[in-house]
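Could you walk me through this model, starting with the whole chain and then going into a few of its parts? Please keep it informal.

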Amino acid sequence: MAIVERYMNDTCSREEFEQLLELARSNETLLADALKIQWEKTATENPDEKPHFDRLFTTIMKGARTVERVRGGKRRLMTRITVAASLLLCLSTAGWWLWQEHEKSKTTAQTPALIVPGGDKAILTLADGRQIALDTAHNGDITNQGATKVIKLDGKLHYNSDVANNAEAALYNTIATPKGGQYQLVLADGSNVWLNASSSLKFPTAFTGNERNVELQGEGYFEIKHNPAQPFHVKTGKTTVTVLGTHFNINSYREEAVEKTTLIEGRVEVNTAGRRATLVPGQQAIVKAGQDPISLVPQVDLEEVLAWKNGLFLYNGTDLETVMNQVARWYDVTIVYERKINETISGSLPRSGNFRQLLKILEATGKVRFEINGRVITVKPN
């Protein structure tokens, strides 16, 4: 379809874009087949970039499968848009990527500012104050912190320590992701932590006492090594989460009105303002200033909670401001509002998508429109 090519090159009109969305609603199979043909044509014409296209296509299908698993078997995508819209978004990403590669040959002055998806980026601050940019650091040994060796391997940071009986004072490191960044690290006890954009974790290079303590700002997903003799504590601005060995997610951004702790597996205790709540898998503890210190949601959509870790935007009646906060952090943009807009979003899209096409799909709700000025995005009522 010629309209698919124009969409991929970001040259289709608003009317043509709405035609594609209507086709996605009415005949998803036909559109998906057309998209697949165009995808293969683009990859064939650019054989050197085929591995990149393959990775994008894997992300697309992962997003599609997630949408298909939404409750009751009903598939929802940005208020009634089907899975094919996810294909549209990532197909446009492939076109954007090729254009970006072409633009690299031009001077900086000639190249417009690009708003691109985030990636594996973080700054590691060592105990002596030195900083290391992890996205540009080489694989292999990075540094030593006391008796602990710090290693970067395949986009993940590892702390390898054999200091169970070490009498040295604890050394603390901090890993911080910028806007448009995420990172994964393995702590000295073997626990795994994933950090979302605009987040930080302060942690010891080795756990030598009777407790394991870390401090989180922003959002992180934790898979904690079981050790009843050494409880694990995550401290945030509002709460302390205590675990023995479990999987859980904490969302504690300062700009968000609430802090959310969601238990995936095991058991955790949330402590705040003298109140305590013990969670079982599937429960979420919410802490909001000015209200009862802890409120419990008995069963939440775990796929929605963990979507960021799995490379997706996934919403289930989420308010527009929360959606745009996530977009701002992942694409490193500033969001301003012409006025308050009461709108909710439901659906799933890959976080690797083209930014402008993402906004087009959000505009397809019919309630909002966006004005782009550099890296400032103004949200206006439609």
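Here is a tour from the overall picture down to single residues.

A word on the ground rules: this is a predicted model, where local features need pLDDT of at least 70, side-chain atom pairs count only at pLDDT 80 or more, and totals for chains, interfaces and linings use all residues. Residues are numbered from 1 along each chain as its sequence is written, and side-chain values use heavy atoms, with hydrogens and water left out.

Let's begin with the chain as a whole. It holds eight helices and 24 strands; both are DSSP runs numbered from the N terminus, helices being H or I with at least four residues and strands being E with at least two. Of the 382 residues, 51% count as buried, meaning under 20% relative accessible area, while exposed is over 50% and partly exposed lies in between (1.4 Å probe, protein chains only). The chain exposes about 18000 Å², and carbon and sulfur atoms supply 47% of that; the areas come from the Shrake-Rupley method with a 1.4 Å probe, and for residues only the protein chains shown count as cover. Now take the contacts (heavy atoms within 4.5 Å) between residues at least 6 apart in sequence: 52% of them join residues at least 24 apart.

Next, head for the C-terminal stretch of elements. An open sheet of three strands sits there in the order β21-β24-β23, with mixed pairing. β21 (334-337) and β23 (368-373) stand at the edges with a single partner strand each, so one side of each has no neighbour in the sheet. Ignoring direction, neighbouring strands here are turned by 25° against each other on average. β23 and β24 (residues 376-381) run antiparallel and share six bridges, where pairing takes at least two DSSP bridges between two strands. One bridge pairs N373 with V376 in β24.

What packs on this sheet? α7 does, touching β21, β23 and β24, and its direction makes about 155° with that of β21. Such angles run from 0 to 180 degrees between N-to-C directions, with axes as lines fitted to C-alpha atoms, for helices over the stretch in contact. α8 (residues 355-363) lies across β23 and β24, at about 155° to β23.

α7 deserves a second look. Its twelve residues, 320-331, reach 16 Å from first C-alpha to last, close to the 16 Å expected at 1.5 Å a residue; the expected span is 1.5 Å times one less than the number of residues. Ten of the twelve are buried, so this helix is mostly covered; among the buried ones are L320, M324, R329 and W330. Just after α7 comes D332, with a positive phi of about 55°.

That phi value is worth a pause. Most residues other than glycine have a negative phi. D154 is another non-glycine with a positive value, near 55°. You'll find D154 in the loop between β5 (148-153) and β6 (156-161), and at 68% relative accessibility it counts as exposed. S198 likewise has a positive phi of about 55°, in the loop between β9 (192-195) and β10 (200-204); S198 is partly exposed, at 27% relative accessible area.

From S198, step into β10. Four of its five residues are buried, so β10 is largely enclosed by the rest of the structure. β7 (residues 172-176) joins β10 through five bridges in the antiparallel sense, with A176 partnered by S200. β10 also pairs antiparallel with β11 (residues 212-223) over three bridges, and there K202 stands opposite E215.
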